[in-house]
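Work through the exercises below with the sequence and the 3D structure at hand. Each task is followed by a solution in steps.

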Amino acid sequence: MNPWESLRLALDGLRANRMRSFLTMLGVIIGVAAVVALVSVGTGASREVTAQVEALGSNLVMVIPASARGRDLRLEDAAAIEARVDGVLAALPNLRKKLTVRWLGRSEEVDVVGTTEDMPQVQRHPVARGRFLSHQDVLYRRQVAVLGSRTAERLFGPHDPLGREIFVAGRPFAVIGVMTTKGQGGIIVPDADDQVFIPITTAQRILGTTRVGSIYVSVAEGTDVGLVTNHIRRIFEVRFNDPDAVEVFSQEQILAAVGNVTGILTILLGSIAGISLLVGGIGIMNIMLVSVTERTREIGVRKAVGAKRRDILAQFLVESVIISLTGGLIGIGLGMLGSEAIARLGRIPSSVSVGWVLVAFGFAAAVGVFFGIYPAMKAARLDPIEALRHD
Amino acid sequence: MSPLIELQGVTKVYGEGRLSVAALQELDLRVWEGELVSIMGPSGSGKSTLMNILGCLDRPTRGVYLLEGRDVSALTDNELAEIRNRKVGFVFQTFNLLPRATAAENVELPLIYRGVPRAERRRMAREALEIVNMGHRLTHRPAQLSGGEQQRVAIARALAGNPRIILADEPTGNLDSRTGEEIMGLFQRVNEELGVTVVLVTHDPRRARQTRRIIRMLDGRLVGDDPVPDEEFVRAAPGGPDGKAGEPAG
């Protein structure tokens, strides 16, 4: 019997029980849609996070105090790194805190970042209008502020913020500049456009501290980042007499760590969805077994008039594969729509990857064959005499 | 000329050891091309087992079955399927038509498995249905047909592949006597006009006398094998050459 006849027979069989075929297919549809949607969201999130970390600036090394050691970083540490480590362009101390920022009647909770004049160069984030903090601003602890573009928007709306007076934690600051829009951040690193930059010295005074939260070190192009990292570690080992007082990461290490976490997350989401696809496959097997039992007599007749085992096998196997492939295609469509919907509702970027779509489709096809083969073999092996006697 | 069918010492045993039952014991039988044969016997006498073996649905436990001179007792399942497809046409007591298929599609069934192209199949099915006077019912489904009409379609299905032999297991058992008469008339006509060998099982002595040879079975053995003399042969009432297929059964 040629393949077209098998296909026609299988379609006839499915049409005879439309509702049942559809419900069986639904199991596969939901499974594939779940795989496609969840993996797309996972992939999208991981891409976004990677982009955010990359946007911190390339050739970047971060120094933060080890959480359990209780050591504080200070301004002098940044100066020491800048002075002593070869290949370091700038060491940027940061002190970050969410504070209330007011202008006239408006009041917003904003990330206030104490930093130095080196920030635009280290983080590749230039000023759009006005000017950034200067060396003097930092030296004299001036109460001046540069606004991120979104913060400016939130606080001032249509008004020009330059030269206005805002209050940060109740103290007056003059707005001297507005940053360009970077359009990144928000998931694991703060939104780059929703920050207020003030001199680090001023920030320390407001917060009543002499420590800094972290130090971003920008390394010259072509320098061995590993060497720089080791050198920085050594400086702190000597200073604190403790090799683990601070943690020093290169951007690459952060990216690798983030990639690990998001990769695991994606696989986890995909596996959970894959289980539902497996359940869909069991549904196929279940319904095909029922179908074989119901059609035992038909199988007997077909065998009596000359159907071979492989003809019967093909008829039933093609039925289950049609269910799983059609379900797979519909599931991919729904999954793409679903990932788009999740992306919009949850404001998480989603990225449908062709590879994963193919994997989901291939898995659906495999499910159809795997769960269809047993019922089909059962049908093919029926003894024609017994089958003809079946009521 | 060698017989169309020759059984030599055919034995069929079901089960194993002490629980085994011999359905056929050392059976010898010859059927010649063009014969119209009836098999009679009480239930359990082995008629159905014999029909299954003749139809290559089953293999003898011992003995030799020669079909057209070829030993088919030890063929593989696929080879037996091939023989059923090309040499044998089955007619069942319960018709066994596929309920979702039209009359024409039912008749096409053996031709599908023979790989006959679709258009050719359609033509052959229509011809077969015309032979049984069902040419006007091509697109009817079994549920839309009377019992007699369904059996005609089943006979057309058996005929469609130009088999060497038609095997009918109580073909009139589910029909009222008038319709049964018409079906017997159809077998007689197929046998005489097309020269197809027909072997049928019946319980009814009148039906048996509508064939040319009566084989009697008891406990898995042949206990009688007699030709029906011309003066005893009953010609069945003509099977409605006008295309009427008798009363709907039930």
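Helices (H or I, at least four residues) and strands (E, at least two) are DSSP runs, numbered from the N terminus. This is a predicted model, in which local features need pLDDT of at least 70 and side-chain atom pairs count only at pLDDT 80 or more, while totals for chains, interfaces and linings use all residues. Residues are numbered from 1 along each chain as its sequence is written, and chains are lettered from A and ligands numbered from 1 in the order in which they are written.

**Exercise 1.** Locate A:R141 and B:D219, and state what is unusual about the backbone of each.

Solution. Start with the loops. A:R141 is found between α5 (135-139) and β6 (144-147) of chain A. B:D219 is in the loop between β9 (213-218) and β10 (221-227) of chain B.

Next, the backbone angle. Most residues other than glycine have a negative phi. A:R141 is not a glycine, yet has a positive phi of about 50 degrees. For B:D219, also not a glycine, phi is positive at about 50 degrees.

Last, exposure. A residue is buried if 20 or more other C-beta atoms, placed from the backbone, lie within 10 Å of its own, exposed if 12 or fewer, and partly exposed in between. A:R141 counts as partly exposed because it has 16 C-beta neighbours inside 10 Å. B:D219 has 14 such neighbours inside 10 Å, so it is partly exposed.

**Exercise 2.** Decide whether chain A is a compact globule or more spread out.

Solution. Chain A has 13 helices and 12 strands. Its radius of gyration is 32 Å, well over the 21 Å that the globule rule gives for 391 residues, so chain A is more spread out than a compact globule. The radius is taken over C-alpha atoms, and the rule is 2.2 Å times the number of residues to the power 0.38. Along the principal axes, the C-alpha trace of chain A spans about 100 × 50 × 35 Å. Buried residues make up 43% of the chain.

**Exercise 3.** Find the strands that pair with β1 of chain A.

Solution. Strand β1(A) covers residues 60-65, and five of its six residues are buried. Two strands pair if DSSP finds at least two bridges between them. With β11 (residues 214-219), β1(A) pairs in the antiparallel sense over four bridges; here A:L60 has A:S218 as its bridge partner. With β12 (residues 246-250), the pairing is antiparallel over five bridges, and A:I64 is matched with A:E247.

**Exercise 4.** Describe the surroundings of helix α3 of chain B.

Solution. Helix α3(B) runs over residues 103-114, and 11 of its 12 residues are buried. Among them are B:V107, B:L111 and B:Y113. The buried residues pack against α1 (3-16), α10 (296-304) and α11 (309-346) of chain A, together with α2 (77-86), α4 (118-131) and α5 (147-160) of chain B. Just after the helix, B:G115 takes a positive phi of about 80 degrees.

**Exercise 5.** Identify the residues with the most contacts inside the largest nonpolar core.

Solution. A nonpolar core is a set of buried Ala, Val, Leu, Ile, Met, Phe, Trp, Tyr and Cys residues joined through C-beta atoms within 7 Å. The largest has 122 residues, and those with the most contacts inside it are A:V32, A:V36 and B:A156. Helix α2 (residues 18-55) of chain A gives the largest share, 16 residues. Apart from this core lies another, of 51 residues, including A:L60 and A:V248.

Technical notes:
Two residues are in contact if their C-beta atoms, placed from the backbone, lie within 7 Å.
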